[in-house]
Amino acid sequence: MFNARTLFLSLLTLTAVEAQAHRAWIQPALTVLSGEKAVVSFDAAVSNTIFIADHAALRSNGLNVTAPDGSVRDVENLHTGKNRTVFDVTLDQQGTYRIGMASSGLSARWETEDGKRAFWPPRGEKADPAEFSKKVPADAKNLSVSYNSRRMETFVTAGVPTDGIFTPSNKGLEMIPVTHPNDLFAGEAATLRFLMDGEAVEGVEVTLIREGTRYRNSEDAIELHTNKQGEVVINWQGAGRYFVEASYRDNKAQAPATQRSGGYTAVLEVLPD
Amino acid sequence: MTIFRQTALAALVVAAATQAQAADLTLDIQLPELAVAEYHKPYVAAWLENGNNEVVAQLTVWYDVDKRNDAGKKWLKDMRQWWRRGGRSLELPADGISGATQGPGEYQLTYSLDKGPLANLPEGDYRVRVEAAREVGGRELINLPFHWPTSEKTIVSEAGSSELGKLRLTIQP
């Protein structure tokens, strides 16, 4: 039966890295805060229209907060409704926080003897690497094994921005900012760098969509590719919140995978000058 | 005896004459009367930047200093250019810099160019920046550029169109 949970979990296990019809996002009410112990509210959903909760609430498994000092904690006041998940984060430290989730796993596709498509892990299940050799026939027709990683995040800063949370994990596709993500202004070009498994990679497809797509006819997406330094330079289309999506795949995978792919999404807020 | 007293007195008069012209920078800020149903005194900040967009000195910031538990600091970030140009690094309240919000009227602030943070400014282009943000209102940022050093009294005038009225910068070298 098709439901939101199946959809989200299948998003996690998708082997193809083509643009997804649904976008998953975590959006803070504010990204720049002054004063002590601010509490920021967030909306999170999987939707068709950017930042409009028109489809399904984001499942919060794996959602957490990384504080400026590197400590990891849960979100507060979490509520998962039908179309939208909401939660709060108390900024008791000064500096930059990350809110998000990341996951990765093996997946395999092949054709059975009677021409039917088979895949592992089954829909809705997490891949257990120990099961791989048992569940995936080594001599299967058109066998394709890939290691896929997914990351979704956003950032808020209380007071002076800090860099502690940007230490790379070296796993999957991740964004290490050159321009701090909570210091973005409409008239100033920003530079973002992407790493795949810890290395700067060329050819990451980066798409940025400014909020308000409901109120215009075209998405007017900004499409970029990273250069050899793994960087893209963004010239903003004005102030507002942007949905950022990046994807990458190549054959530099660890056995038994022959391909690796990384997907990344983020929400960035650009202030007016 | 008499000659000594006269010489001493003359020396005092000469000394007084050379100290009469202290170099300073005066900023006149006008906050306009606004015909709005719900008026809140604006948060205002003024600071000095050099030709490389670097902050040279914080001049003044007006915010709700009296709120309990420093709750007035919550809206400082609405002065969004000031916030990233030193505002967020400033420990508030700051002696000689921060003060309470003001209502419509004219205010004059004077800063010494002989001593303190504005003393010995390197040669170059500068600008005093004034930013105002008002609760349930708007935000405005005005720049007052000047070149230093200058041998003559320099006046720079600007006018805001919404949250700030007339602004005047007077450099007295």
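Helices and strands here are DSSP runs, numbered from the N terminus. I am working from a predicted model.

**Entry 1: two asparagines in chain B**

I started with B:Asn69. I found B:Asn69 in the loop between S3 and H2 of chain B. Its phi is positive, about 55 degrees, although the residue is not a glycine. Is B:Asn69 buried or exposed? I count 9 C-beta neighbours inside 10 Å, so B:Asn69 is exposed.

I then looked at B:Asn53. B:Asn53 sits in the loop between S2 and S3 of chain B. B:Asn53 is not a glycine either, yet phi is positive at about 60 degrees. I found 8 other C-beta atoms within 10 Å, which means that B:Asn53 is exposed.

**Entry 2: B:Val65**

I stayed in chain B and went to B:Val65. This residue belongs to the loop between strand S3 (55–62) and helix H2 (80–84). B:Val65 has 15 C-beta neighbours inside 10 Å, so I noted it as partly exposed.

Which residues does B:Val65 contact, leaving aside neighbours within four places in sequence? I listed B:Gly72, B:Pro93, B:Ser98, B:Gly99 and B:Ala100. I checked B:Ser98 further. B:Val65 and B:Ser98 are 33 residues apart along the chain, and 8.2 Å separates their C-alpha atoms.

**Entry 3: the five-stranded sheet of chain B**

I traced an open sheet of five strands in chain B, in the order S4-S3-S2-S6-S7. Its pairing is mixed. Why do S4 and S7 each have one side without a neighbour in the sheet? Strand S4 (98–99) and strand S7 (139–148) stand at the edges, each with a single partner strand, so one side of each is left free of sheet neighbours.

I looked at one pair inside this sheet. Strand S2 (residues 43–50) and strand S6 (residues 124–133) of chain B run antiparallel and are joined by eight bridges. I picked out B:Asn50, whose bridge partner in S6(B) is B:Tyr126.

**Entry 4: the four-stranded sheet of chain B**

I traced another open sheet in chain B, with four strands in the order S5-S1-S9-S8. Here the pairing is antiparallel. Strand S5 (105–112) and S8 are the edge strands, and each pairs on one side only. The twist from one strand to the next averages 10 degrees.

How many bridges join S1 to S5 in chain B? I found eight, between strand S1 (residues 24–31) and S5(B), and the two run antiparallel. B:Gln30 has B:Glu106 as its bridge partner in S5(B).

I then took S8 and S9. Six bridges join strand S8 (residues 154–159) to strand S9 (residues 166–172) of chain B, again in an antiparallel run. S8(B) and S9(B) make a hairpin, with six residues between them. Across this hairpin I saw B:Ile155 opposite B:Thr170 in S9(B).

**Entry 5: cis peptide bonds in chain A**

I moved to chain A and looked up two prolines. The peptide bond from A:Trp120 to A:Pro121 is cis, with omega near 0 degrees. A:Pro121 lies in the loop between strand S10 (117–120) and helix H2 (132–135) of chain A.

A:Ala255 and A:Pro256 are also joined by a cis peptide bond, with omega about 5 degrees. Where is A:Pro256? I placed A:Pro256 in the loop between strand S18 (240–250) and strand S19 (259–270) of chain A.

**Entry 6: where the chains touch**

Last, I checked the contact of the two chains. Chain B gives 10 residues to the contact and chain A gives 10. On the side of chain B that touches chain A, I noted two nonpolar, one polar and seven charged residues.

Notes. Residues are numbered from 1 along each chain as its sequence is written. Chains are lettered from A and ligands numbered from 1 in the order in which they are written. This is a predicted model: local features need pLDDT of at least 70, side-chain atom pairs count only at pLDDT 80 or more; totals for chains, interfaces and linings use all residues. A residue is buried if 20 or more other C-beta atoms lie within 10 Å of its own, exposed if 12 or fewer, and partly exposed in between; C-beta atoms are placed from the backbone. Two residues are in contact if their C-beta atoms, placed from the backbone, lie within 7 Å. Two strands pair if DSSP finds at least two bridges between them. Ala, Val, Leu, Ile, Met, Phe, Trp, Tyr, Cys and Pro count as nonpolar, Asp, Glu, Lys and Arg as charged, and the others, Gly among them, as polar. Axes are lines fitted to C-alpha atoms, for helices over the stretch in contact, and angles run from 0 to 180 degrees between N-to-C directions.
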